Each structure stands twice: as C-alpha cells, then as structure tokens.
Amino acid sequence: MQAVTLDIPVNADAAIVWQDDHLYLLDQRVLPQREIFIRCSDAGSTAAAIRAMVVRGAPAIGITAAYGIALAARQRYAQSPAGWRELLDADLELLAGSRPTAVNLFWAIERYRGLLRTLPAGDPFARLLAEAKEIHVRDRAENRAMGGYGAALIGDRSAVITHCNTGGLATGGHGTALGVIRSAHAQGKVSQVFADETRPWLQGARLTAWELVRDGIPVQLMADGAAAARMAAGGISWVIVGADRIAANGDVANKIGTYSLAVAARHHGVKFMVAAPTSTIDPGTAGGADIPIEARDPEEVLHCGGARVAAPGAGAWNPVFDVTPAELVDAMVTERGVVSNPGREAIAAHLEIRR
Ligand code: MRU
C-alpha cells in the first residue's frame with residue numbers, strides 16, 4: 001500500500017478523497033498519531049485497504065468500494081475495450097471478499113451491477129466515477145437528515161454513551177450515531193459523551209475521541225467493561241450506536257460489545273438508539289442469525305499498540321461484530337425518519353417511505 005501526505009486539511013468529514021484521478025483514504029490504522037493517506041489505483045489496492053481497515057465503518061466501506069469499481073473499470077477498459085465487462089467481474093468479486101459483515105459493501109456492488117447492465121458501449125469510467133461521487137455526497141446528506149431525526153429524540157443537556165467509531169471517518173461525512181450526537185450537541189442537547197474505547201482495535205479511543213475533541217464536544221473515554229457501571233451511576237439518557245447490517249426483523253449487527261451495551265441499557269432503563277442509513281438495512285437477511293460475522297486475526301486481541309500483552313501460549317476469540325436482538329432497540333433512526341420498537345413489519349413499512 002502506498003502512503004502519501006496530501007496537501008489538504010485533514011478532516012474526519014473528508015477521509016475519502018478523490019484527487020488527481022486517484023482515490024486517497026485517510027489511514028485510520030495510524031490515527032490520531034499520524035495523518036497520512038493511502039493511495040488506491042485499482043480494485044486490488046482498494047480491497048486491500050478495506051481488508052486492512054485503512055478505511056472502516058459500514059457506509060465508508062460502501063463508498064470506497066464504489067470508487068474502487070470505477071478505478072477497476074478504468075483499468076479494465078484500457079486493458080480490453082471489448083472485454084472489460086468480463087474482466088471487471090473478478091474485481092467485483094475481489095471487493096466483495098474484502099469484509100463480510102457491513103452490508104453497505106454489497107449494497108454498493110449490487111447497485112453497480114445494475115448500472116453496468118444499462119451502460120452503452122464505450123468507456124465506462126466517467127459514468128462509474130460520477131456514481132461513486134453521488135453515493136458519497138448522498139451519504140453525507142443522509143447523515144445530516146438522520147442527525148436531525150435522532151437529535152429530536154434526545155432531551156436537553158443529556159449524557160450519552162456511544163461505541164466504536166460512527167463519525168465522519170466511518171461514513172461520507174457527519175456520521176451515523178456520531179452524526180446524531182453532533183447534531184444534538186449543536187442544539188445544546190448533548191452535554192457529555194462517554195465513549196467506549198472499543199477493544200481490540202480502539203476505534204473509540206483513537207477515532208471517536210479524535211473527532212469529538214476536534215468538534216469541541218466533551219468526551220470521556222471508558223474501558224468497554226465500564227459501561228454498565230456508568231449506567232448504574234445514573235444520568236445516562238441514551239446509548240447511541242451505528243450498525244453494519246440490520247436484518248429484516250430488526251436485529252442489528254454492530255461492533256463487538258454493542259449487544260452487551262443493549263442488555264445493560266435495558267436493565268438500567270436507559271434508551272437504546274441505532275442510527276444507520278437505509279442502505280444498512282438488508283431485507284434479504286431474515287434475522288440476526290443469518291448475518292455473517294467477521295472473525296479477525298486473534299493477534300488483534302493478544303496485542304495492544306503493536307506489542308504483545310497476552311500471556312505466552314494464550315489464544316484468542318476475535319469476532320468483530322455481535323448481534324443485538326431487535327427487542328432491545330428502542331429507536332432505529334435512518335435518513336427517512338424514526339422506527340420506534342423496530343420489528344419486521346415496522347421496518348418493511350419504513351423501507352416503503354420515499355422522501
Ligand atoms: O470494524 P469496523 O471499525 O468497520 O466497525 C465499525 C462499526 O461497527 C460501526 O459501528 C458501524 O460500521 C456503523 S458506522 C457508521
């Protein structure tokens with residue numbers, strides 16, 4: 001992977017950059033210590049960046065894959081103006097194999113498969129790039145809409161808990177759960193954010209705290225295991241999280257630890273909100289048990305900050321997502337509005353809404 005510095009202000013809402021006919025991704029593996037970009041020029045480098053978590057977060061993965069398809073098509077058309085479509089199939093498969101849980105990746109690929117069927121003969125690059133840019137811009141706008149709907153549910157001067165990173169870095173900009181928090185803070189509604197550090201990858205400590213501090217939103221980090229005690233101590237009104245895939249029945253796959261937060265929230269009478277665009281809802285997945293859960297390298301758990309911390313000889317179980325049953329979710333917020341107590345019928349009806 002080729003690391004570069006770009007002569008642009010580093011900004012969580014511009015972590016995916018199209019410049020000089022290439023894709024640049026703010027390297028989330030090294031934030032906040034280093035602010036460098038990884039340059040992607042084809043499907044292989046884009047898939048590698050997604051797999052390595054240079055870019056992560058369900059919507060950001062979908063947007064990145066969209067640019068990756070445009071890059072791949074440019075390369076394949078140059079290679080064979082007559083046979084590029086067949087060659088591109090391997091690139092779509094490569095991208096689809098990069099991470100299994102975030103459905104926005106497959107949503108983006110399916111959208112492109114549909115678009116490819118309608119394309120006339122000739123160089124496809126301009127049209128496919130325009131599509132990626134549209135997906136990118138639209139995600140940002142949808143997050144702003146979602147932020148407004150979510151903020152409307154939050155009372156004045158609230159303290160909230162969030163998990164993982166769901167901000168500009170994880171999306172096209174503004175964020176899902178963090179977008180709700182940003183919008184609510186702008187309205188004077190959120191006075192304190194408690195962010196789980198999010199072991200093992202520390203998205204909360206490294207990325208969410210970086211975003212909130214830059215926005216001037218008060219944040220206190222806590223070990224993931226501290227969340228229930230924080231709820232028991234009182235004063236928390238909402239737990240607000242994002243999603244990697246929402247099944248048709250409302251079950252939610254999100255960063256490992258989300259499920260235990262939801263259980264603890266219900267026990268303590270704290271409301272639980274899931275904020276995600278409708279592109280994260282997968283009507284083709286019936287329930288949580290059908291969601292493929294990514295298992296990553298045990299080394300991620302056995303090490304911390306590049307150094308081994310676990311006792312020699314210990315193994316590790318490292319599922320990176322878990323499933324929260326729909327009945328533990330009080331509100332699901334999308335760019336189209338709010339689904340209270342989400343279940344199969346409510347979600348199906350929500351997907352019918354057009355705004
Ligand atoms: O493994 P990651 O960092 O890609 O996991 C990200 C999450 O679980 C987020 O909560 C989810 O993608 C929603 S973000 C907008």
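How far does a polar side-chain atom of D244 lie from an oxygen atom of the ligand? In this predicted model, the distance is 2.7 Å. The legends below cover the ligand site, the pockets and the cavities.

**Figure 1. Polar side-chain atoms of D244, K255 and Q203 beside oxygen atoms of the ligand.** The view shows a polar side-chain atom of D244 at 2.7 Å from a ligand oxygen. For K255, a polar atom of the side chain is likewise placed 2.7 Å from an oxygen atom of the ligand. In Q203, an N or O atom of the side chain is 2.8 Å from a ligand oxygen. On its own the ligand has 420 Å² of accessible area, and the protein covers 100% of this area.

**Figure 2. The shell of 19 residues around the ligand.** Those that come nearest to the ligand are R56, R99, D244, N254 and K255. Two elements, helix 2 (58–79) and strand 10 (252–255), each contribute at least two residues to this shell. By class, the shell has eight polar, seven nonpolar and four charged residues.

**Figure 3. The largest cavity, whose space is taken by the ligand.** The volume of this cavity is about 200 Å³. Its lining is made up of 24 residues, and R56, G57, A58, N165 and D244 are the ones nearest the centre. Helix 2 and strand 10 are the elements that give two or more residues to the lining. Helix 2 supplies three residues, the largest share. Of the lining residues of the largest cavity, 11 are nonpolar, eight are polar and five are charged. D244, listed here near the cavity centre, also appears among the residues that come nearest the ligand. R56 is another residue named both for the cavity centre and for the ligand.

**Figure 4. The second largest cavity, with about 60 Å³ of space.** The structure holds two cavities of 30 Å³ or more. Lining the second largest cavity are M53, R99, P200, W201, Q203, K255, I256, R296, E300 and V320. These residues divide into five nonpolar, four charged and one polar. Q203 and K255, part of this lining, each have a side-chain atom placed beside a ligand oxygen, at 2.8 Å for Q203 and at 2.7 Å for K255. R99, also in the lining, is one of the residues that come nearest the ligand.

**Figure 5. The largest pocket, holding about 460 Å³ of space.** Its lining has 21 residues, of which W107, T278, S279, E335 and R336 are the closest to the pocket centre. At least two lining residues come from each of helix 2, helix 4 (103–118), helix 5 (125–151) and strand 12 (281–282). Nine residues of the lining are nonpolar, eight are charged and four are polar. Helix 2, which contributes to this lining, also supplies residues to the shell around the ligand.

**Figure 6. The second largest pocket, with a volume of about 250 Å³.** P200, W201, L202, R206, E300, H303, C304, G305 and G306 line this pocket. The lining consists of four nonpolar, three polar and two charged residues. P200, W201 and E300 are among the residues that line the second largest pocket, and the three also belong to the lining of the second largest cavity.

Conventions. Residues numbered from 1 in each chain as written. Predicted model: local features only at pLDDT ≥ 70, side-chain atom pairs only at ≥ 80, totals over all residues. Heavy atoms only, no water. Near = heavy atom within 4 Å. Polar contact = N/O pair within 3.5 Å; in protein donor to acceptor, adjacent residues only side chain to side chain. Areas by Shrake-Rupley, 256 points an atom, 1.4 Å probe, with all protein chains shown as cover. 1 Å grid on protein atoms, 1.4 Å probe; cavity = no way out; pocket = protein on both sides within 12 Å on 5 of 7 lines; lining within 4 Å. Sits in = over half its atoms within 2 Å of the grid points. Helix = DSSP H or I, 4+ residues; strand = E, 2+ residues; numbered from the N terminus. Nonpolar A, V, L, I, M, F, W, Y, C, P; charged D, E, K, R; others polar. Points joined across faces, edges and corners; volume = space filled by probe spheres on them.
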